[in-house]
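Colleague: I would like a close look at one part of this model. Please take it slowly, as for someone new to reading structures.

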Amino acid sequence: MKSILTSSLVLALFAAAPAAAKEVQMICTNQKLTYIVSFDTQTNIFKTTNPALGGDIKVKRVQDDSDGVLVWTATAVFGGDREMLALFGDEKWMKFFYGNGSIQTDPCK
């Protein structure tokens, strides 16, 4: 009986413990500036110091696997949404998708 209670207590403690927060961050550059990008996997909050992207960035989808954390986001720009993709892994980059079909990739470290 004692071992059942102990096992139940241990399981309850693990279930009550919050998931470990994982914040990933990188420094990106383009022709005009250097900026910081960060993402918190627990709260799904995406932030950047790039002033062209504004402050309201919506996270659409997240993939967290052995390649790293891939985050698909969008922000309001000129009455529409600008889609962005960020990869935080061994390979790091930000991709920006424009309405005319062009894609800009900023390398990050």
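What do β1 and β2 form, and how many residues lie between them?

Modeller: β1 and β2 form a hairpin, with 4 residues between them. The model is predicted, so local features need pLDDT of at least 70 and side-chain atom pairs count only at pLDDT 80 or more, while totals for chains, interfaces and linings use all residues. Residues are numbered from 1 along each chain as its sequence is written, and side-chain values use heavy atoms, leaving out hydrogens and water.

Strand β1 covers residues 23–29 and strand β2 covers residues 34–40. Strands here are DSSP runs (E, at least two residues), numbered from the N terminus. The two pair in the antiparallel sense over 7 bridges; strands pair if DSSP finds at least two bridges between them.

Start with glutamate 23, which is found in β1. Its bridge partner in β2 is aspartate 40. Glutamate 23 is also in contact (heavy atoms within 4.5 Å) with Ser38 and Phe39, leaving aside neighbours within four places in sequence. The C-alpha atoms of glutamate 23 and phenylalanine 39 are separated by 5.5 Å, although these residues are 16 apart along the chain. Glutamate 23 has a relative accessible area of 54% and therefore counts as exposed (exposed is over 50%, buried under 20%, partly exposed in between, with a 1.4 Å probe and protein chains only).

Now the two faces of β1. In a regular strand the side chains alternate between the two faces of the sheet. The covered face of β1 has Val24, Met26 and Cys28; the uncovered face has Glu23, Gln25, Ile27 and Thr29.

Met26 and Cys28 lead into the largest nonpolar core, which has 17 residues. Such a core is a set of buried Ala, Val, Leu, Ile, Met, Phe, Trp, Tyr and Cys residues joined through side-chain atoms within 4.5 Å. Met26, Cys28, Val37, Phe39, Phe46, Phe88 and Met94 touch the most other members. β1, β2, β5 (68–77), β6 (80–89) and β7 (92–97) each give two or more residues to this core. Methionine 94 touches Met26 and Cys28 of the hairpin's β1, and its other contacts include Tyr35, Val37 and Phe46, not counting residues up to four places away in sequence.

After the hairpin comes the loop between β2 and β3 (45–48), where asparagine 44 is found. Asparagine 44 has a positive phi of about 60°, although it is not a glycine. At 39% relative accessibility, asparagine 44 is partly exposed.
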